[in-house]
Amino acid sequence: MWPAFTLNRPTSWMGLAALSAMVWLPFLGLRLAALGIVVVALVDGWRQVRQEHQRRRLSEEALKLSGDGVIIADRHNRILGINPAFTQITGYTREEVLGMDASMLSSGRHDKAFYERYWQTLQATGRWEGEIWNQRKHGDQFPEWLRMQACHDAKGRVSHYVGLFTDISRHKAREQDLRRIGFEDPLTGLPNRRRLHDLLTSRLNRLRAGEGLDLALIDIDAFKAINDALGVDDGDRLLARFGQRLAAFVAGGVVGRLGGDEFMVIRTTTFDDHETWVTSLRDHMSEPFDMAGNALRLGLTIGSCRAPDDGRESGVLFQRLESALYTAKRHGRNHNRRFRPSLEVEGDRQLELVNELRRALAQGDQLELYYQTQHRLEDGGLVGMEALLRWRHPQQGMISPGDFIPLAERHGLMAALGNWVIDRAVAQLANWQAAGMPRVPVWVNISALQLIQGDLEARLAAALTRHHVPAALLGLELTESVLLDERAGDVSPRLEALRAQGHPIAIDDFGTGYSSLAYLKRLPIDKLKLDRAFIRALPEDVADAAIVAAVLAMARGLSLEVIAEGVETQPQRDFLIAEGCLYTQGFLFARPQPAAEVESRYLRALQTA
């Protein structure tokens, strides 16, 4: 293929040959033919020259449009040409730089060794590419990505240098922003969890003899309610001011925000006053905050530990801080808890139990449902059953729900457990219908996480359809704590939809929550289950008797049925009947039993009836 521009073409050679032959050709016709060939060669050469000029002009126009700066220098690094982007980036015009040494752009940031490596690479390979800092006309420095190419003549000697550079100031600023976001909390400007790990590791490595680190993990109690009351903007301002006050208190220490309403403090000290320091920290941070003219005092739950006493590694100390904070929350709000080795042992056992529970869910052969029947107080007639989850561990035997249900809630397993209960209870209902068991509803407990997930309705409908069970036979029990759980949002529309599908709905453990009784008026509820705590001391306890009588009277006014839980004695039964309670669920009539035992008991009763 011929190059873009060259006179070394067949037409050119033919023209030169014809021109030289014209002198020797004997006949006029031959000379005229040779002259024609010469003219054709000249026209072709002229066309080549014009095309080359056009290509050069288009190349120059393309360079003008390029956003990258272009610099052309001779072999002595003197500038011969630039493009408009060069002027736009550096501020220097063409007239100001022509003939100048390209090093005039140097910022002075790089040492002599850098430039020596630069020239060595360029001379050895003919090319250099990398990041370099240069200086604009007005003195401000900027980073650029430079690609420099050496051009050689026919003898292989460097004749020119061509450079192409891009201003990467914005990219560097973006990198810094991303780095800052990666290590800094955007709301408070404090170090985030990742940065705190690095800072804690650094301080641990720099500890000298006699020094220790006091660490505290602070959680603002009920911040969600505070945020709802103040509004999101004021809530964010409160968090920022909390962080500022905390940083001022531990000047010289490290303060960071782990996320949400959790803050962490690290103090290097030579004093063995950990508990006193945590107390003073609480007292200082409990001082009121002025929010829109109102004095707002915050409740704080604090978990703390000390290094190296409680650990010498960042990850271990974080884990123990969180263990102490969780223990403090579990035993009530607004107090301190320092890490103890027993907490770690308990945490290890709980982690092992969680793993075993995951395995049980995956295999499905360790979990089972027990059923406790519900009865009419007057004649003991069967009116319903409650499905109760049980875990029969292959080594540890029957594990109490009080042990594994809280773990399932903390580790995100409640939704899976709840779905397993629904599927198994509906399947059992279908089997009982086929066996001729009484058609009474089976009640299952619904957790807040099942409501949060949003697929509860679909899960219920799918199970009922698959087993051909009417919705009226599957009752749903929600505790007052579920109704109050902020994560679930307003459950009223959800319950309305479930009730419209045919599910009866009950409030479990009624009377143990902290909500207003106003929700009884607006929520679609069919039954209240009066907690056993109010039944246990009946009829002797005057206060419990008054509470039970009041609840029963209120339920009658709202047209709600009441099931008394935990009825175990005849006097309790007599008292409830006298007060107008119709139903019960307790040991007086039946204990929780496996499905097979419940079925055999009632089928025998039907045969003898």
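Let's start in a loop: Pro-308 sits in the stretch between strand 11 (300-307) and helix 11 (314-330). This is a predicted model, and in it the peptide bond that leads from Ala-307 into Pro-308 is cis, with omega near 5 degrees. There is another cis bond further along, from Leu-538 to Pro-539, with omega near -5 degrees. Pro-539 also belongs to a loop, the one between strand 19 (527-530) and helix 20 (542-557).

**Strand 11 and its neighbours**

Walk back from Pro-308 and you are in strand 11, which is mostly covered, with 8 of its 8 residues buried. Which residues sit on each face of strand 11? On one side you'll find Leu-300, Ile-302, Ser-304 and Arg-306, and on the other Thr-301, Gly-303, Cys-305 and Ala-307; both faces are covered. Cys-305 has a relative accessible area of 0%, so it counts as buried.

Strand 11 has partners too. Strand 6 (residues 212-220) runs antiparallel to strand 11, and 8 bridges join them. If you want a spot to look at, Ile-218 has Ile-302 in strand 11 as its bridge partner. Strand 12 (residues 336-338) runs parallel to strand 11, with 3 bridges between them. Here, Ser-304 has Arg-338 in strand 12 as its bridge partner.

**Strand 17, another covered strand**

Strand 17 (residues 474-479) tells a similar tale: 6 of its 6 residues are buried, so the rest of the structure largely encloses it. Leu-474, Leu-476 and Leu-478 point one way, while Gly-475, Glu-477 and Thr-479 point the other way. Strand 16 (residues 442-445) pairs with strand 17 in the parallel sense over 4 bridges, and strand 18 (residues 505-510) also pairs with strand 17 in the parallel sense over 4 bridges. Glu-477 is a handy landmark: Asn-445 stands opposite it, and its bridge partner in strand 18 is Ala-506.

Here are the pairings side by side.

| Strands | Sense | Bridges | A pair to look for |
|---|---|---|---|
| Strand 6 and strand 11 | antiparallel | 8 bridges | Ile-218 and Ile-302 |
| Strand 11 and strand 12 | parallel | 3 bridges | Ser-304 and Arg-338 |
| Strand 16 and strand 17 | parallel | 4 bridges | Asn-445 and Glu-477 |
| Strand 17 and strand 18 | parallel | 4 bridges | Glu-477 and Ala-506 |

**Helix 7, a helix with two sides**

Now for a helix. Helix 7 (residues 193-205) has 13 residues, which at 1.5 Å a residue should span 18 Å; its end C-alpha atoms are 18 Å apart, so the two agree. Its buried residues include Leu-196, Leu-200, Arg-203 and Leu-204. These four cover an arc of only 100 degrees around the axis, which means they lie on the same side of helix 7. An α-helix has 3.6 residues a turn, so residues three or four places apart point the same way. What does the face turned away from the buried side of helix 7 carry? That face has the exposed residues Arg-194 and Asn-205.

**Asn-134 and its contacts**

Asn-134 lies in strand 3 (residues 127-135) and counts as buried, because its relative accessibility is 9%, under the 20% cut-off. Its C-alpha atom is separated by 4.5 Å from that of Ser-107, although the two residues are 27 residues apart along the chain. Leaving out residues up to four places away in sequence, Asn-134 touches Leu-105, Ser-106, Ser-107, Asp-140, Gln-141, Phe-142 and Glu-144. With Glu-144 there is also a polar contact of 2.9 Å between the side chains.

**Two positive phi values**

Two loop residues stand out for their backbone angles. Asn-77 is not a glycine, yet it has a positive phi of about 70 degrees. You'll find Asn-77 in the loop between strand 1 (69-74) and strand 2 (79-82). Ser-559 has a positive phi as well, near 60 degrees, and its place is the loop between helix 20 and strand 20 (561-565). Are these residues buried or exposed? Asn-77 counts as buried at 14% relative accessibility, whereas Ser-559 is exposed, with a relative accessible area of 66%.

**A word on cysteines**

A disulfide is a covalent bond between the sulfur atoms of two cysteines. How many disulfides does a search of the whole structure find? The count is 0. Cys-151 is partly exposed, with a relative accessible area of 27%, whereas Cys-305, back in strand 11, is buried.

Definitions and conventions. Residues are numbered from 1 along each chain as its sequence is written. This is a predicted model: local features need pLDDT of at least 70, side-chain atom pairs count only at pLDDT 80 or more; totals for chains, interfaces and linings use all residues. Side-chain values use heavy atoms; hydrogens and water are left out. Buried means under 20% relative accessible area, exposed over 50%, partly exposed in between (1.4 Å probe, protein chains only). A disulfide is a pair of cysteine sulfur atoms within 2.5 Å. Contact means heavy atoms within 4.5 Å. A polar contact is a pair of N or O atoms within 3.5 Å; within protein, one must be able to donate a hydrogen and the other to accept it, and residues adjacent in sequence count only if both atoms are side-chain atoms. Two strands pair if DSSP finds at least two bridges between them. The expected span of a helix is 1.5 Å times one less than its number of residues. The arc is that of the directions from the helix axis to the C-beta atoms.
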